[in-house]
Amino acid sequence: MSNPLSDLEKADVYFCIGTNMTECHPVAATRMKKALARGSKLIVADPRYIKLAEMSDLYLPLRVGTDVALLLGMAHVIVRENLLDHKFIEERTNGIEEYIAHVKQFTPEWASEITGVPAKDIEKAAIMYASADKASIYYTLGITEHICGVDNVQSLSNLALMTGHLGREGCGINPLRGQNNIQGAGDAGTAPSDYPGYQSVLKPENREKFEKAYGREMDAEKGITKVTALELCGEGIHAMLIDGENSVVSDPDRAHTEHAFGKLDFLCVIDIFLTETAAMADVVLPATAWGETDGTFTSTERRIQRVRAAVTPPGEAKPDWWILSALANSMGIQGFEYDSPAEVFNEICSLVPIYAGVDWDLIDGGQYQWPIPYKGHPGTPRLHEDGFTNGRAVLRAIGYRDPAEVIDDEFPVWLTTGRRLQNYHTRTQTGRSSGIDYLAPEEYLEVHPDNVQKWGLTDGGWAKVTSRRGEIKIKVKSTPRSPRGTVFASFSYAETPVNILTGSGYDPTTHTAEMKVTVVRVEPL
Amino acid sequence: MALLQELRELPLINSGVTKTRTVCGYCGVGCSVDILSKDDHIIGVQPAMDGPANLGALCVKGQFAYDYVHHPDRLKKPLVRREDGKLHETTWEEALQVAADGFRKVEQKYGRHAIYGVSSGRTPTEADYLMQKFIRAGFGTHNIDNCSRA
């Protein structure tokens with residue numbers, strides 16, 4: 001997030017797109033609700049009439065996968081109504097002339113044709129967002145899990161740049177991260193393109209730094225992404241080490257994932273349960289869980305916080321840092337002589353410029369948000385206040401393209417997926433919490449009442465859902481939350497493996513799967 | 001709010017309860033919580049009123065979805081797949097040796113680029129850092145990724 005969570009209470013206008021905040025980030029939503037109660041306005045763009053849509057002042061029910069078209073239509077209106085922040089544009093951006101020329105062709109009427117949102121509402125949204133003093137954008141995987149995820153994010157960035165809604169309190173472009181430490185995982189360098197701290201593997205000075213720190217030569221080229229690695233299992237990739245991820249249930253196209261793991265010579269999994277993925281492994285190493293581990297998490301607002309052990313782990317389960325050190329030591333890999341997570345964290349701080357100003361003792365109170373470039377620096381709650389790291393920001397001319405799959409006679413229904421309030425991911429944890437299991441024991445397909453009738457389904461009855469990759473059996477729930485022609489299910493339940501159906505395509509840049517759009521056929525059972 | 005604060009701060013009837021300040025393990029908001037434990041068991045989770053992200057708020061998962069920690073399904077010993085094709089409990093010593101041999105054999109047969117690491121967005125940063133270090137320092141490649149793409 002560019003701005004701190006406290007800014008969720010400070011905007012005049014909120015534009016939430018592709019985020020089911022009340023279910024997926026409930027506490028963040030609570031903070032925004034305070035501002036709404038004081039009179040701030042909320043615009044929500046989402047294919048489903050979610051709780052957030054009920055709370056909104058303006059709801060834009062766009063068709064799945066058409067975000068770029070909606071945002072182009074909004075940009076067109078902002079230019080037409082001359083709601084640009086000329087000072088901000090002049091001082092901090094490049095490419096405005098080309099961008100204005102580009103968006104002139106994309107009228108709200110054009111956007112309406114594609115998105116299904118009335119043109120007058122697109123105009124209204126653009127004017128509300130652009131004319132507010134403080135306007136902020138919040139999004140999650142509804143923006144990124146598309147073949148055009150990067151285009152979606154850049155389209156949002158264009159809106160913020162042209163209106164100067166960036167680098168100030170109550171503004172910004174704010175992705176809410178879905179996992180407790182997905183920010184920390186990125187910070188720590190678990191990516192084929194970056195050393196820890198987002199230091200590119202392509203830059204010779206970074207390679208030199210890490211070759212020195214780790215005592216061996218490193219490749220000058222990027223590694224491959226997980227998506228590519230799964231495609232290459234058995235033909236290039238022959239062994240995998242997986243820590244704490246149930247790929248078999250969480251990844252798109254389950255049959256493909258299982259097939260890929262089956263072709264490995266060797267699979268080692270570190271986890272707290274024998275997940276569907278761990279069950280395929282040759283070696284399973286038992287890890288400590290939350291509440292049993294000392295370490296750090298970095299949150300969506302880049303806040304580095306301590307996690308602490310409260311209870312003893314079961315049996316011989318060990319912390320991940322201990323397991324990885326022991327494994328590396330068994331293999332004779334140098335530099336894994338750690339006695340505590342504090343030593344590991346301090347090593348990160350010594351190699352990562354955005355963590356340079358802290359150490360294990362300093363973060364005890366959780367007051368630091370990175371970047372913290374040097375000792376004594378107070379941290380950076382809000383990014384881009386005094387300028388952009390890379391100089392000037394570029395307004396990019398982005399075009400609309402259809403999702404990887406589009407409905408046709410054979411697969412006439414859009415399926416979109418997500419999470420529910422009570423459950424987390426593949427339910428390895430929440431499925432083993434009795435209260436949660438009572439609240440949400442099984443998965444169901446949300447279908448608009450008109451479609452329930454038209455397709456011969458019954459509320460509470462069973463349906464068969466088929467995509468190009470497979471089929472599942474699932475209970476039907478009749479609800480106007482789903483628009484006509486679009487159905488929804490979460491991917492959390494191993495018993496109802498919705499990810500058998502998904503996997504139509506990937507964003508070419510990030511290799512993020514288009515989880516949010518799959519075309520299916522729904523039939524009564 | 002004041003009443004809520006008082007309720008949360010009420011002295012616990014049973015003594016021997018320990019409070020441990022930590023961060024919720026679910027979404028990325030980073031809510032501060034206190035784990036209440038007694039006799040080495042988690043008996044409750046309380047939101048921290050002074051948590052910078054949550055200011056005393058907490059959702060249904062953070063508040064109640066903690067029993068999995070003590071679930072009987074938890075893995076308690078390392079497992080290795082034996083000749084019968086099944087996973088069997090074993091010692092750390094053997095499991096680490098089998099794992100080390102597994103990776104080294106693949107490296108010898110197919111080269112150092114044949115090994116891939118998948119890290120987690122759930123584990124602490126120190127685990128993620130050591131996952132990438134295992135791949136980079138162990139094999140000199142950048143064949144490491146995390147689950148944020150899925």
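In chain B, residues 24 or more positions apart account for 31% of the contacts with a separation of 6 or more. I begin there, and I should say at once that this is a predicted model. Chain B has a mean pLDDT of 92, with 89% of its residues at 70 or more. For the complex, the predictor gives an ipTM of 0.92 and a pTM of 0.92.

Let me stay with chain B for a moment. Its four helices and seven strands follow one another along the sequence in the pattern α-β-β-β-α-β-β-α-β-α-β. Of the 150 residues in this chain, 53% are buried.

I turn now to the interface. On the side of chain B, 91 residues are in contact with 118 residues of chain A. Which element of chain B supplies the largest share of that side? The answer is helix α4 of chain B, residues 125–139, with 13 residues. By class, the side of chain B that touches chain A comprises 47 nonpolar, 27 polar and 17 charged residues.

The two chains are also joined through strands. Strand β11 of chain A, residues 283–286, pairs with strand β4 of chain B, residues 79–81, in the antiparallel sense and over two bridges. Within that pairing, A:Val284 has B:Leu79 as its bridge partner.

Next, the interior. In soluble globular proteins, nonpolar side chains tend to be buried together. Here the largest nonpolar core has 176 residues, and those with the most contacts inside it are A:Ile43, A:Leu70, A:Met74, A:Tyr129 and B:Phe134. Helix α4 of chain A, residues 67–80, gives the most to this core, namely ten residues. Apart from the largest core lies another, of 25 residues, which includes A:Val64, A:Trp414, A:Ala489 and A:Phe491.

B:Phe134 deserves a closer look. With which residues is B:Phe134 in contact, leaving aside its neighbours within four places in sequence? They are A:Leu241, A:Leu324, A:Leu327, A:Ala328 and A:Ile333 from chain A, together with B:Gly117 from chain B.

I move to the strands of chain A, beginning with β1, residues 13–17. Five of its five residues are buried, so this strand is largely enclosed by the rest of the structure. In a regular strand the side chains alternate between the two faces of the sheet. In β1 of chain A, A:Val13, A:Phe15 and A:Ile17 point one way, while A:Tyr14 and A:Cys16 point the other way.

What are the pairing partners of this strand? One is strand β5 of chain A, residues 135–139, which pairs with β1 in the parallel sense over five bridges; there, A:Phe15 has A:Ile137 as its bridge partner. Another is strand β2 of chain A, residues 41–45, likewise parallel and over five bridges, and in it A:Leu42 is the bridge partner of A:Tyr14.

Finally, the domains. Chain A is divided into domain 1 (5–176), domain 2 (182–365) and domain 3 (413–524). The centres of domain 1 and domain 3 of chain A, taken over C-alpha atoms, are separated by 27 Å. Between these two domains, 19 residues of domain 1 are in contact with 23 residues of domain 3. On the domain 1 side, the elements that give two or more residues are α1 (21–24), α9 (141–144) and α10 (149–163) of chain A. The residues on that side divide into ten nonpolar, six polar and three charged.

Note on methods: Residues are numbered from 1 along each chain as its sequence is written. Chains are lettered from A and ligands numbered from 1 in the order in which they are written. This is a predicted model: local features need pLDDT of at least 70, side-chain atom pairs count only at pLDDT 80 or more; totals for chains, interfaces and linings use all residues. pLDDT is the predictor's confidence in each residue, from 0 to 100. A nonpolar core is a set of buried Ala, Val, Leu, Ile, Met, Phe, Trp, Tyr and Cys residues joined through C-beta atoms within 7 Å. A residue is buried if 20 or more other C-beta atoms lie within 10 Å of its own, exposed if 12 or fewer, and partly exposed in between; C-beta atoms are placed from the backbone. Two residues are in contact if their C-beta atoms, placed from the backbone, lie within 7 Å. Ala, Val, Leu, Ile, Met, Phe, Trp, Tyr, Cys and Pro count as nonpolar, Asp, Glu, Lys and Arg as charged, and the others, Gly among them, as polar. Two strands pair if DSSP finds at least two bridges between them. Domain bounds come from an automatic or database domain assignment.
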